[in-house]
Amino acid sequence: MRTSQFFLSTLKEAPNEAELPSHKLMLRAGLIKKLGSGLYTWMPLGLRVLRKVEAIVREEMNKAGALELTMPAIQPAELWQESGRWAVFGPQMLKMKDRHDRDFCFGPTHEEVITDIARTEIKSYKQLPLNFYQVQTKFRDEIRPRFGVIRAREFVMKDAYSFDADVAGMAESYRKMHQAYTQVFTRLGLQFRAVKADSGAIGGDASQEFHVLAESGEDALAYCPDSDFAANVEAAEAMAPAAPRAAASEAMRDVDTPKQTTCEAVAELLGIPLQRTVKLIALMANEHLHILLLRGDHSLNEVKVGKLDGLADFRFASEEEIRAFFNCPPGFLGPVGIDRSKVRLIADRTVAAMSDFVVGANKPKFHTAGVNWGRDLPEADLVADIRNVVAGDPSPDGRGVLEICRGIEVGHIFQLGTKYSTALGCNYLDSEGQLKPMEMGCYGIGVSRIVGAAIEQSYDDKGIRFSTAMAPFAVVIVPVGYQRSEAVKAAADALYAELAGRGVEVLMDDRNERPGVMFADMELIGIPHRITIGDKSLADGKVEYVSRQAGTTELVAQADVIGFLL
Ligand code: ATP
Ligand code: MG
Ligand code: MG
Ligand code: MG
C-alpha cells in the first residue's frame with residue numbers, strides 16, 4: 001500500500017475528553033473516529049488492526065474445533081421472555097419495536113439465540129459435542145461509555161457457545177476454550193492473566209476472566225506470586241476468610257441486623273437476594289460509583305451517588321430511573337418494606353481513595369453532609385469491609401500472600417450448565433433414548449476492546465508501539481526525496497515490490513512530506529519496522545533500519561535488507 005492511495009488522518013492533539021493514553025492515541029493515529037457516545041467508526045487504518053485481531057481469534061477458535069456462524073444482531077423479545085432475562089437484563093439492553101409494535105433488542109449477547117438454534121437443530125447425543133462461534137457487533141447501553149473502544153456501546157465481540165451431553169464434556173469444552181484464549185492473547189503479544197471470576201450459583205472453577213494487565217484497568221485482581229492462585233477481587237473476596245467480615249458487621253451496628261455483613265444487611269433492607277446485592281455492589285464498583293446513600297430526609301429524586309473524583313452528584317428524575325440505573329426489578333425502592341434511612345450501598349476497593357472520600361464528603365452541600373461517620377460507620381471498619389482482600393492477605397490456597405494488580409477484561413469463559421437449556425427446553429436424546437438438557441458453556445472475547453487494551457500496554461511519547469501481530473502494516477518504507485531522486489525512487493520501488501511480492505504488509509510513504517513529518521506519523525501509528533532510503537546512505541549501498549519496539553537504528557546493506565527483515 002502506498003500512502004498516496006491510502007487514507008491517513010493523524011492529529012497532533014487528542015480531543016480533551018480522551019482520558020487514557022490508548023484512547024488518545026487511537027484518535028490521534030486516526031484508527032477510530034467518534035460518531036457519538038460509545039460509537040466509533042473503524043477507519044481504514046484501524047480496521048486493519050481490528051482484522052488482525054479477528055483473524056487470530058478465528059484461527060484459534062477453528063483450531064479448537066469451534067464452528068463459525070453469524071446470528072442476527074437484532075433479536076426478538078420472545079426468546080428473552082422464555083429465558084426470563086427480558087425483564088431482568090436491565091438498561092444495558094437496547095430495546096426497540098418494529099412497525100407491527102413487536103418488541104426486539106439489539107443483542108447484548110447471544111445465549112438465547114444460540115440455544116434456540118441448538119434446541120431445534122440438535123436431536124441426538126451423536127451430534128454432540130458442538131461449539132458455535134461468531135465475531136459480531138454487540139450493543140450494550142453502558143451507563144458510562146469511556147476509554148474509546150475499551151468501554152464502547154457498540155463493539156465487536158467473539159462469542160462462542162458449547163453444547164455437551166454431560167458435565168465432563170462441558171468441562172472439556174471449557175478447557176479447550178481456556179487453551180485457545182491463552183493462545184490468542186499470547187500470539188497477540190499481550191501481557192495477560194487468567195483469573196477466577198465470580199461464578200455465582202454454579203461455583204467452583206466454572207468461570208474465568210482473561211485480563212490484559214494495565215494500571216488503568218477498571219478491574220482489581222488478586223494473585224499469589226508463590227502459587228497459581230489468581231482471581232478478580234470479587235471472587236477472591238468470596239473466598240476470603242470470615243474474620244474481616246465480622247469486623248465489618250460491627251460497623252453496621254445502627255442497621256437492624258448487626259450480625260450481618262454489609263452485603264447481607266443491604267440485601268435484607270432491599271428485600272432482594274444476597275447474590276443480587278453483591279452484583280449490585282459489584283456493578284457500582286465497576287462503574288466507579290463509590291457510595292450511594294438513600295436517606296429518609298431526601299426525597300427520591302434527590303438520591304445521589306457519590307463519585308470519588310469530584311464527588312459528582314447524580315440526580316434521578318424518578319424512581320423508575322433509579323431502578324433502571326441499578327438494574328433492579330419492580331419492588332426495589334418501592335414504598336413498602338424498605339427503610340430508606342438505613343440503606344447504604346458501599347462499593348469501593350481503594351483504601352486510600354476511601355479515606356479521601358470520608359474526609360471530603362462531609363463538606364457542606366455534598367450528599368453526605370449531616371451523616372455522622374463516627375457514629376454511623378467507623379472509617380476503619382468501613383474500609384475493612386469494602387475491601388476484604390488487600391495486598392499481603394493470605395492467599396486462599398494457603399501458599400503465600402496476595403498481591404493486587406489491575407487489569408482490563410478482554411475475555412470471559414463460563415460453564416453455564418443447564419441454565420439456558422432448561423429454560424428454553426434445549427434437550428437431546430442420550431444413548432438410552434432419554435431426553436436430557438444439554439450442558440452449555442459460553443465464551444466471550446472483546447475483539448475491539450483488545451485493540452485499546454494492547455495500546456494501553458505498549459506506547460511511548462511518540463505514539464503506539466504495535467506488535468507485529470497487530471500492526472496495520474509490518475514494514476514502512478520512508479523514501480527521502482522520492483519525487484526528486486531517481487536513485488531513491490528506484491531503490492524504494494524495488495524494495496516495495498520485493499516485500500509486497502513476498503506477502504509482507506508493507507506501506508510506502510510516497511507523500512511529498514518532510515522526513516520529520518513522515519517519521520512522526522509512522523511512529524504515531526506504530527509500525528514496527530521502518531526502512532529509510534536516502535541518497536546519502538544509498539551512495540554507500542546502505543539503507544537505514546529503525547525498530548519501533550526496541551528504538552534501535554542501524555544501517556543495513558541494501559542487498560541484505562530482505563533477509564534482514566524476514
Ligand atoms: P465488563 O466487566 O468490562 O463490563 P462484561 O463482564 O460485562 O465486561 P462479558 O459479558 O463477559 O463482559 O462479555 C465478554 C467480553 O466482551 C468482555 O470480556 C469484554 O472483553 C467485552 N466487552 C464487554 N463489554 C464491552 C464494552 N462495553 N465495550 C467493549 N468490549 C466489551
Ligand atoms: Mg459489563
Ligand atoms: Mg466483567
Ligand atoms: Mg465478563
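Of the 16 residues around ligand 1, which come nearest? The structure is a predicted model, in which local features need pLDDT of at least 70, side-chain atom pairs count only at pLDDT 80 or more, and totals for chains, interfaces and linings use all residues. Residues are numbered from 1 along each chain as its sequence is written, while chains are lettered from A and ligands numbered from 1 in the order in which they are written.

The residues that come nearest to ligand 1 are Phe155, His412, Gly444, Gly446 and Arg449, out of 16 around the ligand; a residue is near a molecule if its C-beta atom, placed from the backbone, lies within 6 Å of it. Two or more residues of this shell are given by each of strand S8 (154-164), strand S16 (403-417), strand S19 (439-446) and H16. The largest share, four residues, comes from S16. By class, the shell holds four nonpolar, seven polar and five charged residues, where Ala, Val, Leu, Ile, Met, Phe, Trp, Tyr, Cys and Pro count as nonpolar, Asp, Glu, Lys and Arg as charged, and the others, Gly among them, as polar.

The protein chain has 20 helices and 26 strands; these are DSSP runs numbered from the N terminus, with at least four residues for helices (H or I) and at least two for strands (E). Of its 566 residues, 42% are buried, that is, with 20 or more other C-beta atoms, placed from the backbone, within 10 Å of their own. Among contacts (C-beta atoms, placed from the backbone, within 7 Å) with a separation of 6 or more, 69% involve residues 24 or more positions apart.

Strand S8 also pairs with strand S7 (residues 130-139): ten bridges join the two, which run antiparallel, pairing being assigned if DSSP finds at least two bridges. Phe139 has Glu154 in S8 as its bridge partner. Two bridges join S7 to strand S3 (residues 67-68) in a parallel arrangement, with Phe132 in S7 as the partner of Leu67. Seven of the ten residues of S7 are buried.

Helix H16 (residues 447-457) packs against helix H2 (residues 44-63), their axes coming within 9 Å and crossing at roughly 115°; axes are lines fitted to C-alpha atoms, for helices over the stretch in contact, and angles run from 0 to 180 degrees between N-to-C directions. In this contact, Val49, Leu50, Val53, Glu54 and Val57 of H2 meet Val447, Ser448, Ile450 and Val451 of H16. The residues comprise seven nonpolar, one polar and one charged.

An open sheet of five strands has the order S23-S22-S24-S25-S26 and mixed pairing. Strand S23 (506-508) and strand S26 (553-557) are the edge strands, each pairing on one side only. From one strand to the next, the twist averages 25°. Strand S25 (residues 542-547) is joined to S26 by five bridges and the two run antiparallel; Val543 has Val556 in S26 as its bridge partner. Helix H17 (residues 486-501) packs on the sheet through strand S22 (475-479), S23 and strand S24 (529-533), with its direction at about 170° to that of S22. Helix H18 (residues 515-524) likewise packs on the sheet, touching S22 and S24, and its direction makes about 170° with that of S22.

Within H18, the buried residues include Met518, Asp521, Met522, Glu523 and Leu524. Their cover includes helix H1 (21-28), strand S21 (463-464), S22 and S24. Just after H18, Gly526 takes a positive phi of about 85°.

Terms used:
Two residues are in contact if their C-beta atoms, placed from the backbone, lie within 7 Å. A residue is buried if 20 or more other C-beta atoms lie within 10 Å of its own, exposed if 12 or fewer, and partly exposed in between; C-beta atoms are placed from the backbone.
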